[in-house]
Amino acid sequence: MRILIVDDHPIVASGCRAVLADEGEIEILEAADAEDGECVFIVERPDLCIIDINLPTVSGFELARRILERAPEARIIMFSMNDDPAFAARAIECGAKGYVSKTGDPDDLVEAIRAVGGGGTYLPTAIARSIAFAGPALAQSPLSKLNAREMEILRLLSAGKSLSEIAWLVQSSYKTVANTSSIMRQKLGVKTSVELVRLAIDSGVA
């Protein structure tokens, strides 16, 4: 199996190699950001992608969107420091077949690779239980009101990017990004971009 790991921390890829050392013939491909990750995917066509949500430029959500737009059959596991069930739900919504928290049991990653690599899906038991029993609380989360593209623009706004920079990063027009920003403010009940960024920080998006 050929696995592409997209993460900007080399120690993560090294840790994955160590965890997967006993898993038979596995070739690890690496990329440090979304742009490199997309290029490696196009050239190498790995069997499985493990993508960190928090990448230096655009997020793992945006990279997953690009990969799935190009190859709908792609098998993707999202990898994050955040074990908030809203993030796991968002990963599933954007087309990922698995979600693993970096703070969880290392065996979770191995199980996820086995499941998703075999054509199935995977969520750690604790996260699956949190999603199942979050109910109204998950629905009431501000994040639940936003789609994957809106989440990406919100994250970039909170990182201090201008609308022009965001348009370039997400491969869209300035007008589309500006309209999306306005729609997000309406959805979230805030009036200014400053309030939007504050909400992003409070919700753990930033």
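This is a short dialogue on reading a helix and a domain interface in a predicted model.

Trainee: Let me start with helix α2. Which residues of α2 are buried?

Mentor: Buried means under 20% relative accessible area. In α2, residues 34–44, the buried residues are A34, G37, E38 and F41. They lie on the same side of α2, because they cover an arc of only 100 degrees around the axis.

Trainee: What do the buried residues of α2 pack against?

Mentor: Three strands and a helix. The strands are β1 (2–6), β2 (27–31) and β3 (48–52). The helix is α3 (60–70).

Trainee: Now the ends. Which residue caps the N-terminal end of α2?

Mentor: Look for a side-chain oxygen and a backbone nitrogen. Here D33 is the cap. A side-chain oxygen of D33 lies 3.2 Å from the backbone nitrogen of E35.

Trainee: And what phi does R45 take, just after α2?

Mentor: A positive one. The phi of R45 is about 45 degrees.

Trainee: Let me check exposure elsewhere. Is I11 buried or exposed?

Mentor: Exposed means over 50%. I11 has 71% relative accessibility, so it counts as exposed. I11 sits in helix α1, residues 10–19. Its C-alpha atom is 18 Å from that of I26, and the two residues are 15 apart along the chain.

Trainee: On to the whole chain. What domains does the assignment give?

Mentor: Domain 1 covers 1–136 and domain 2 covers 140–201. Their centres, taken over C-alpha atoms, are 24 Å apart. Domain 1 puts 14 residues into the contact, and domain 2 puts in 16.

Trainee: How do I read the size of such an interface?

Mentor: It is often given as the accessible area lost when the parts come together. Between domain 1 and domain 2, about 1,200 Å² is buried. Carbon and sulfur atoms give 49% of that area.

Trainee: How many salt bridges cross the interface of domain 1 and domain 2?

Mentor: The rule finds 1. Use 4 Å as the cut-off between a side-chain nitrogen of Lys or Arg and a carboxyl oxygen of Asp or Glu. R149 and E62 meet in a salt bridge through their side chains, at 3.4 Å from N to O.

Trainee: How many residue pairs are in polar contact across that interface?

Mentor: There are 5, with both residues at pLDDT 80 or more.

Trainee: Which elements give two or more residues to the side of domain 1 that touches domain 2?

Mentor: Helices α3 and α4 (85–93) do. α4 gives the most, with 4 residues. Recall that α3 also packs against the buried residues of α2.

Terms used. Residues are numbered from 1 along each chain as its sequence is written. This is a predicted model: local features need pLDDT of at least 70, side-chain atom pairs count only at pLDDT 80 or more; totals for chains, interfaces and linings use all residues. Side-chain values use heavy atoms; hydrogens and water are left out. Buried means under 20% relative accessible area, exposed over 50%, partly exposed in between (1.4 Å probe, protein chains only). The arc is that of the directions from the helix axis to the C-beta atoms. Contact means heavy atoms within 4.5 Å. A polar contact is a pair of N or O atoms within 3.5 Å; within protein, one must be able to donate a hydrogen and the other to accept it, and residues adjacent in sequence count only if both atoms are side-chain atoms. Domain bounds come from an automatic or database domain assignment. Buried area is the accessible area (1.4 Å probe) that two parts lose on being put together, summed over both.
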